[in-house]
Amino acid sequence: MPGDRAELIFTNGIVHTVDANNSIAEAVAVSDGRILAVGSNAEVSATAGPATERVDLRGRSLTPGFIDAHHHFTGLGSGSEAIDCKAAGMDSIRAIVEEVRKRAAALPAGTWIRGRGYDHSRLVEQRHPNRHDFDAVAPEHPVIFTRTCGHILAFNTKAIELAGLSLTAPDIDGGRYDRDGDGRLLGVSYERANAPIQIAAAASRAELRQWLKAANDSDLASGLTSIHDAGGLTGVSLDIAKELVDADEIQVRIYSFVTVNAPDHPHVGILSTGVRTGLGDERLRMGAFKVVTDGSSSGPTAATREPYASNSDDRGIAYWKQDDLDSLIGRAHRAGWQCTVHAVGDRAIEQTLDAMARAQAEYPRQGLRHRIEHCGITPPDLQRRVRAQGIVPAMQPAFFWEFGDGYIRNYGRERADVMFPAKSLLEAGVIVAGSSDSPVTDYRPLFGIEQAQTRATSGGDVCGPNERVDLAMALRMHTINGAYASFEERIKGSIERGKLADVVVLSGDIRKVPVRELRDLPIAMTVVGGRVVYEG
């Protein structure tokens, strides 16, 4: 517990405590890395001593540190080196290829050229870039570009060679390749078929260190104090993250998943080691065992019960047969893990709920908090099952701006309106955690808080207007609900005495900022464990 005298005091503010009553206070005192007092200026000032540091909020908002419940830490950091396909002017394959040409001219032959964030549906050519595009400007450099969703890759012939693939490589279960008229690989892969290219393009230790530090800096500057890493921090990258945490070069708190996408994935072996959810400490903790079971919402490759509105022959990509998924979830459940499944389409969500229900029936456990990552197309019948089974969904309201118009086009209005149905689930008593899936879309939590309230698309439409939440609930999704999703609501996620002093100072009163301007509200200060780690 904190000491008797404050080391740091915030006064004259609008303190959103996010306690059970969503109380608003004026001031907060911090001692020994924890919240010492919350209340009026007079009450909090009474805890001051001669060495107390004071921050006058001058009417600005102070909130709990934001928590991103589904974030790709390494992926965000890799953007510091990759060609940014979301940058101004990157609206065509021609522009992408020109950037590849520039990199090839500047880098030694054999050096990987990486890009991130293209969306074929927004490119002038209305297609994915492919090996012919890249080979024309970088025949001696392996090239790998990741679509914004992270589930589709575009690459060149050199990358195919380094991956040990032939141009006639067959498709695999849960994945496929685009092909030319002769049936040869075109240089575009989907879902499980991405693995050989990704393995060949694995980053070096030096690159991983740089990426993790860059992600830490970006997150802190956005007000994030905790993230749930949904799949990049395993093996070598987890070892490096631990080194950086121990050296205080990473300050953001990490809840790290173990992610698999096939029965023979090397990380499945962790289920036999005795390692399980919760190991670690407040800075770096082992999180959920995550199984990827379908594709992306925007690809679109999500596994749906009915065909896509945009293609009556397509119902997405499902990775698993039910018995295989049941078996793996059952093993993780029995081994004491929090289980979570990447499930976007309604077919994948139904399959996930079936697997989790079977695991619990065969081996009952208390306090599960099993999760569904995304929980995208969730009509009322599946909403009822999510509630009944006590599932914690980690949703991404931030998706609507960038991908919402595509949801309406690909899935139809009816299904788009029940995508990420936060309000219905919250009103039914489900704890819904907010997240970004960064770098899939904007990592800034204020962007997600805005989008949870508007569900607005960049094209001027709205996906599911009845699923919009108010500011108080949007804040809870991105703070205390994220803490609940990692079993940490007793130590963080709200501003209450005894909790970790993870707080954020915004540059204004969040209640008075027009909702469509929240994304750009600057962060004035980020505090982790009572220590100022960012000042804007």
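How many disulfides does the count come to? Zero. Keep in mind that this is a predicted model. A disulfide is a covalent bond between the sulfur atoms of two cysteines. Start the tour with two cysteines that have no such partner.

**Stop 1: two cysteines**

Select cysteine 85. Its nearest cysteine sulfur belongs to cysteine 149, 12 Å away. A disulfide would need the sulfur atoms within 2.5 Å, so that pair does not qualify. Cysteine 85 is buried, at 6% relative accessibility.

Now select cysteine 463. Cysteine 375 has the nearest cysteine sulfur, 16 Å away, and cysteine 463 is in no disulfide. Cysteine 463 is buried too, at 0% relative accessibility.

**Stop 2: strand β8**

Select residues 66-71. This is strand β8, and six of its six residues are buried. The strand is therefore largely enclosed by the rest of the structure.

Next, add residues 224-229, strand β15. The two strands run parallel, and four bridges join them. Look for histidine 71: opposite it, in β15, stands aspartate 229. While you have strands on screen, recall a rule. In a regular strand the side chains alternate between the two faces of the sheet.

**Stop 3: helix α15**

Select residues 445-454. Is helix α15 mostly covered or mostly open? It is mostly covered, with ten of its ten residues buried. The buried residues include Pro445, Phe447, Ile449 and Glu450.

Now show what surrounds the helix. The buried residues of α15 pack against β8 and β15, the two strands from the last stop. They also pack against α12 (399-411), α16 (471-477), β22 (503-506) and β23 (523-528).

Step just past the end of the helix. Arginine 455 has a positive phi of about 50°.

**Stop 4: the loop before α15**

Step back to the loop between β21 (433-434) and α15, where you will find proline 439. The peptide bond from serine 438 to proline 439 is cis, with omega near 10°.

Aspartate 437 is in this loop between β21 and α15. Its phi is near 60°, a positive value in a residue other than glycine. Aspartate 437 is buried, with a relative accessible area of 6%.

**Stop 5: two more loops**

Select glycine 299 and proline 300. A cis peptide bond joins them, and omega is about -10°. Proline 300 sits in the loop between β17 and α9 (322-334).

Then go to arginine 58, in the loop between β6 (48-56) and β7 (61-64). Its phi is positive, near 50°. Is arginine 58 buried or exposed? At 61% relative accessibility, it counts as exposed.

**Stop 6: the largest nonpolar core**

The largest nonpolar core has 112 residues. Select the members that touch the most others: Phe73, Phe145, Phe289, Val291, Ile329, Trp337 and Tyr407.

Zoom in on isoleucine 329. Leaving out residues up to four places away in sequence, it touches Val291, Cys339, Val341, Ala355, Met356 and Ala359. Apart from the largest core lies another core, of 17 residues. Val15, Ala25, Leu62 and Ala524 are among them.

**Stop 7: threonine 352**

Select helix α10, residues 346-362, and pick out threonine 352. Threonine 352 is buried, with a relative accessible area of 0%. What does it touch, beyond residues up to four places away in sequence? The answer is Thr293, Leu325, Val341, Ala343 and Ile372.

**Stop 8: cavities and the largest pocket**

Rolling a probe the size of a water molecule over the atoms shows where empty space is left. A search of the whole structure finds four cavities of 30 Å³ or more. The largest cavity has a volume of about 70 Å³. It is lined by 13 residues, and the closest to its centre are Cys149, Ser296, Ser297, Phe399 and Asp437.

End at the largest pocket, with a volume of about 1700 Å³. Its lining has 49 residues. Gly150, Gln198, Ile199, Gly231 and Gly232 lie nearest its centre. Colour the elements that give two or more residues to the lining; among them are α2 (73-78), β10 (113-118), β11 (143-147) and α7 (205-221).

Key: Residues numbered from 1 in each chain as written. Predicted model: local features only at pLDDT ≥ 70, side-chain atom pairs only at ≥ 80, totals over all residues. Heavy atoms only, no water. Buried < 20%, exposed > 50% of the residue type's maximum accessible area, 1.4 Å probe, protein only. Pairing = 2+ DSSP bridges. Core = buried A, V, L, I, M, F, W, Y, C linked by side-chain atoms within 4.5 Å. Contact = heavy atoms within 4.5 Å. 1 Å grid on protein atoms, 1.4 Å probe; cavity = no way out; pocket = protein on both sides within 12 Å on 5 of 7 lines; lining within 4 Å. Points joined across faces, edges and corners; volume = space filled by probe spheres on them.
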